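Student: I'd like to learn how to read a contact between two chains and the core around it. Can we work through one together?

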Amino acid sequence: MSIFETRHFFFVASAYGLSFLLLAGLALWIYFAYQSKKKQLLRLEAQSKQADK
Amino acid sequence: MMKQDKENSWSFDRLTNKIANPTWFLKWTGRILPIFIIITVVLFVAGLYLGFTAPQDYQQGNTVRIMFIHVPSVMITMMAYMVMVSSALGTLIWRHPLADISAKSAAPIGAVLALIGLITGSIWGKPMWGAWWVWDARLTSFLILFLIFIGLIVLRFALDDLTFAPQLIAVLILVGALILPIVHYSVEWWNTLHQPNGTTMRTGGVFRLPLFVMIFAFSFLFLSLHLANMRNAIFEKRINRMQRKLAQSI
């Protein structure tokens, strides 16, 4: 019997769906934090070089 | 023998000093992280395939598939806290510069994994026990572990400006570690509705392989996210240092 034909489909789908949603959210949060911090660091380094001049 | 010991300790010191260097850490994690991400994706694809092609359990039916994410997420939550405990020891005993960064970076990942463990356990509990939640020793102690993660994250935000914050948080992490044996042995120490440890492993060989693959997938996921978050924390420290430097030069 396929998983789609059972009354437990809702439970299995919501468990997997919520788990991967949370994991994807965490991974994206870390990725976007990395991108913004990298940009900020590069901007500050450029500002610091200008200030040294 | 004495000479050999000296040489060994010297090389160990050299290794820890090298690892302690954030620039070196950023360099090698930049190389190793893409490999870890690929391994994680491959393991998740394999684990999901094996999990969804495994037969139904004669008692649990299809809900046994929830165990393939519930058990690994709970196990890796405990591992995340143990990483925080070793990082706390690194902060207090060896004053390792990356130890506090490691503890700080593991907390949000541990909290999310604990939340997944609670949610998937609750979703499994409704069709099997007839209740979304029971105040059972295992469930309650695991909820406390989740709240400890949240408390440590909130505390970090509140105290991050203080110079002794790493030491204070490290002490609190060690105090919080008391919950780990309680979570693990709760099913033996008290009469609980939750099954004893390792039930899914003992249920049958057919469920062991997808479970093992998913445990490895979650382990590599934690490793990848932890290293990536540590890199972010190092960048944050550098940004703060540079902002202070710029403010002084104005």
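Student: How much area is buried between chain B and chain A?

Tutor: Buried area is what two parts lose in accessible area (1.4 Å probe) on being put together, summed over both. Here that's about 3,100 Å², with carbon and sulfur atoms giving 80%. This is a predicted model, where local features need pLDDT of at least 70, side-chain atom pairs count only at pLDDT 80 or more, and totals for chains, interfaces and linings use all residues. Residues are numbered from 1 along each chain as its sequence is written, chains are lettered from A in the order in which they are written, and side-chain values use heavy atoms, leaving out hydrogens and water.

Student: How many residues does each chain bring to the contact?

Tutor: With contact meaning heavy atoms within 4.5 Å, chain B brings 40 residues and chain A 29 residues.

Student: Which residues form the salt bridge?

Tutor: Look for a side-chain nitrogen of Lys or Arg within 4 Å of a carboxyl oxygen of Asp or Glu. The count between the chains is one: Lys37(A) with Glu236(B), closest N and O atoms 3.6 Å apart. On chain B's side of the interface, H9(B) gives the largest share, 16 residues; helices here are DSSP runs (H or I, at least four residues), numbered from the N terminus.

Student: And which residues touch the most other members of the largest nonpolar core?

Tutor: Such a core joins buried (under 20% relative accessible area, 1.4 Å probe, protein chains only) Ala, Val, Leu, Ile, Met, Phe, Trp, Tyr and Cys residues through side-chain atoms within 4.5 Å. Among the 75 residues, they include Tyr81(B), Met84(B) and Phe218(B). H9(B) again gives the largest share, 19 residues.

Technical notes. Helix = DSSP H or I, 4+ residues; strand = E, 2+ residues; numbered from the N terminus. Buried < 20%, exposed > 50% of the residue type's maximum accessible area, 1.4 Å probe, protein only.
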